[in-house]
Structures are given as C-alpha cells and as structure tokens.
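Thanks for coming. I have one structure to go through today, and I will keep it short. Please have a look at the sequence and the model before I start.

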Amino acid sequence: MILAGDVGATKILLEVGEFRSDRWKTGLSRRYSTADTENFPGLLTEFLGEWNGMREKDQRITAAGFGVAGPVHGNKVKMTHRPLVIDGDAIASRLLIPKVVVVNDLAAAAQGIDMLGPRDVANIQDGPVATDAPIVVMGVGTGLGLAYLVPHAEGGYRVVAGESGHAGFAPANAQQANLARAIMASHGRCSVEDVCSGHGLQHIYAFLRSHQAHELGEIEESMTGEWIADQAKAGDSIAESAIELFVECIGTVAGDHALSVMARGGVYLTGGVVARMHERIRAGRFSEMFCAKGAMSAELMKIPVRAVTSERVVVLGAAKFVV
C-alpha cells in the first residue's frame, strides 16, 4: 500500500491506496485545510490512525509520496506560502515507512496527467497531440506553478519542475501593462504569480476597482477569489471584468510557456482555480491571448489545451513517483 498526498497552500489531500493493473485504487481519502495544519507529521499520524482502524491485517504501507507547493531541496520542501516543512526522511523515520519521496506539487501533477480519465479533463482548445513533443503543465491555485514533461529519446517523459511562477510577468497589451505597473508600484516587482493565481485575481479586482490607477487599491481580507466569483455571478461589473482580465492573463502566460518548448504534446491547466473556472476559461479570451504570439500565432493555434477538473492529479502523481 502507498500513502500519497497533495500538500498545497489551501488544502491537503491524503490517500492510501495501491496500483492494480496500472490504475490507482483508493482505500481511504481525506481532505484537510492547510491553514488549520500546524504539524504535518501529526496530521499524518491522525490520518494513519484512521487507516489502521479499517485496513485488512495483511495491508502495510511500504512507500509514501507527497507533492508539495514549494522548491525541493534534497527530500524536503519548505512551503512557499505556509510555514510548513515537509521532510521525507523525517517522516520515514517517524512513521517507519521504508520509502518516502517529497517532490514539487507541479512535478507530481505532471506525473499524474496520464492517469486521468476522460471525465477529469475539459477541452479548452482543440489541436492534434504530438506524442513525441513536450507538454506544459501549469497549476493555477493560491499560487502558480509550472512543470514540463520532456520526451526521452528511448521513450517516455522526464518531469522538469521549477518556480516559474516567480518569474517576471510579461504583459501582452496596454491593460495588462497598466496592471503590471500598478503591482510593481505596490510590491516592487510584478511576478507571474502576482497576476495568475488566487492572489493575482485579488490584485486584478483591486486594480480595476481603483479605476486602473497606477497603484493598486486596497485589498480587503474578504476579497478572496471565491468572493470575487460570487460577486460576478451577482452582477458586479468590476468582478466580471476582473475575471475576464484574469483569464486573458492566464492565456498570455500559458502561451509563453507553450512557445518556449513548442509544446505540441499539449498544455494542461491544473489547480483549484482552474477546476472552478474552466468554463469561464473556455468561454473567455484565453485562446485569443494564448495564440497572440506574432509570427508564431499559427503554431500556437495547433496546440491542444486541456483543463484538469479533478483535484486528485497531484495525489495520483505523487503515488506514481514511488512505484
């Protein structure tokens, strides 16, 4: 049996399961709030206590994999947006699990892409899939993460994850440039994550509410991404415009990364924000901005883009890392 986890800035998903005929079979699955978690090993002990109360006698956990939101150093991640450290070696020692692997959450998401079913993916842009070409996986949640799947000469893919969410945001039109300037005036720089994330949607709403001034307006604690989405549904024109601009910016960034590796294998959008907003992404100007790359626009039009609607892709990939 394998213990697998998705440790994100908003939520923690834990599962115990096993692979049968290359498919993941879940024995126990639980969801927790990251904000309410101060002691990750303690949370694991609680979860495994529940598992031990229901498992069969011969079932033993022999490996564990965790996809964690932050850069990996050795077998450890200090989370970027939460004061948690996930240490694979310490977990192995404390819980007596022979093999524990900690990876970046987007590396796990990339590894889990081929384990998704048809119902777990929504089409955003049509295009032929080239099986020998790179794939881009972009996670839009509390923050923003990116990973590439790069083909091996002998077959299969190698996962390459980084921290591209903290790279500078490159605006594609005048409104995006004004947004970037406003964020720079308030924060000193404008990263991709400052625009294309849950926090980014807050920035965009504050920017539009301040009538596109050169500085961001006040960001109130209540102005979460969910609140902005609810305001848009209720007819708030500023919230509606914020979501439209947000979708455009996601398209701009996704297109930049697709272009950087000519991702003819496809682009996959993942994360909690994407799962909630994939219909808006498809209906909005995502594809227009994704393909707006000058001389390369026609090439970008051929790249398939999919939205991952399942929140379990990181768990699946984390489990796959330890097989």
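I will begin with the whole chain, then take the strands, then the helices, and end with two loop residues.

This is a predicted model, so please keep that in mind throughout. The protein chain has eleven helices and 14 strands. Along its principal axes, the C-alpha trace spans about 65 × 45 × 35 Å. How does the radius of gyration compare with that of a compact globule? For 323 residues a compact globule would come out near 20 Å, and the protein chain has 20 Å, so the two agree. Of the 323 residues, 51% count as buried. If you take contacts between residues at least 6 apart in sequence, 69% of them join residues at least 24 apart.

Now the strands. In general, strands of a sheet pair through backbone hydrogen bonds, in either the parallel or the antiparallel sense. One open sheet here has three strands in the order β5-β6-β7, and the pairing is antiparallel. Which strands stand at the edges? They are β5, residues 72-73, and β7, residues 85-87; each has a single partner strand, so one side of each has no neighbour in the sheet. β5 is joined to β6, residues 76-78, by two bridges, and these strands run antiparallel. In that part of the sheet, V72 is opposite V77 in β6.

Next, β2 and β3. These run antiparallel and are joined by ten bridges. L14 has R30 in β3 as its bridge partner. The hairpin they form has two residues between the strands, and S21 takes a positive phi there, near 50 degrees. As background, most residues other than glycine have a negative phi. I will come back to that with the loops.

The next strand is β14. Are its faces covered or open? Both are covered: V305 and A307 on one side, R306 and V308 on the other, and all of these are buried. β14 pairs with strand β9, residues 121-125, through four bridges in the antiparallel sense, and N123 stands opposite R306. β14 also pairs with strand β13, residues 267-270, this time in the parallel sense and over three bridges. There, L269 is opposite A307.

β14 takes us to helix α11, residues 313-321. Seven of its nine residues are buried, so α11 is largely enclosed by the rest of the structure. The buried ones are V313, V314, V315, L316, G317, A318 and A319. What do they pack against? The list is β1, β2, β3, β4, α3 and β14. So two pieces I have already described, the β2 and β3 strands and β14, come back here as part of the surroundings of α11.

The other helix contact I want to show is between α4, residues 174-187, and α7, residues 237-261. A packed pair of helices is described by the angle between the axes and the distance between them. For α4 and α7 the angle is about 95 degrees, and the axes are 11 Å apart. That makes α4 roughly perpendicular to α7. On the α4 side the residues are Q175, Q176 and L179; on the α7 side they are L245, E248, C249 and T252. By class, this contact has three nonpolar, three polar and one charged residues.

One of those residues deserves a closer look. Q176 is in helix α4. Is Q176 buried or exposed? Its relative accessibility is 0%, so Q176 counts as buried. Setting aside neighbours within four places in sequence, Q176 is in contact with F169, A170, P171, L245, E248, C249, T252 and M289.

Last, the loops. L96 lies in the loop between α2, residues 88-95, and β8, residues 99-104. Its phi is near 55 degrees, which is positive in a residue other than glycine. L96 has 70% relative accessibility, and with the cut-off for exposed set at over 50%, L96 therefore counts as exposed. M262 also has a positive phi, near 45 degrees, and again M262 is not a glycine. M262 lies in the loop between α7 and β13, so this loop links the helix that meets α4 to the strand that pairs with β14.

That is what I have. I can go back to any part of the model if you want to look again.

How values were computed. Residues numbered from 1 in each chain as written. Predicted model: local features only at pLDDT ≥ 70, side-chain atom pairs only at ≥ 80, totals over all residues. Heavy atoms only, no water. Pairing = 2+ DSSP bridges. Axes fitted to C-alpha atoms, helices over the stretch in contact; angles between N-to-C directions. Parallel < 35°, antiparallel > 145°, perpendicular 65-115°, else oblique. Contact = heavy atoms within 4.5 Å. Nonpolar A, V, L, I, M, F, W, Y, C, P; charged D, E, K, R; others polar. Buried < 20%, exposed > 50% of the residue type's maximum accessible area, 1.4 Å probe, protein only. Rg over C-alpha atoms; globule rule 2.2 N^0.38 Å.
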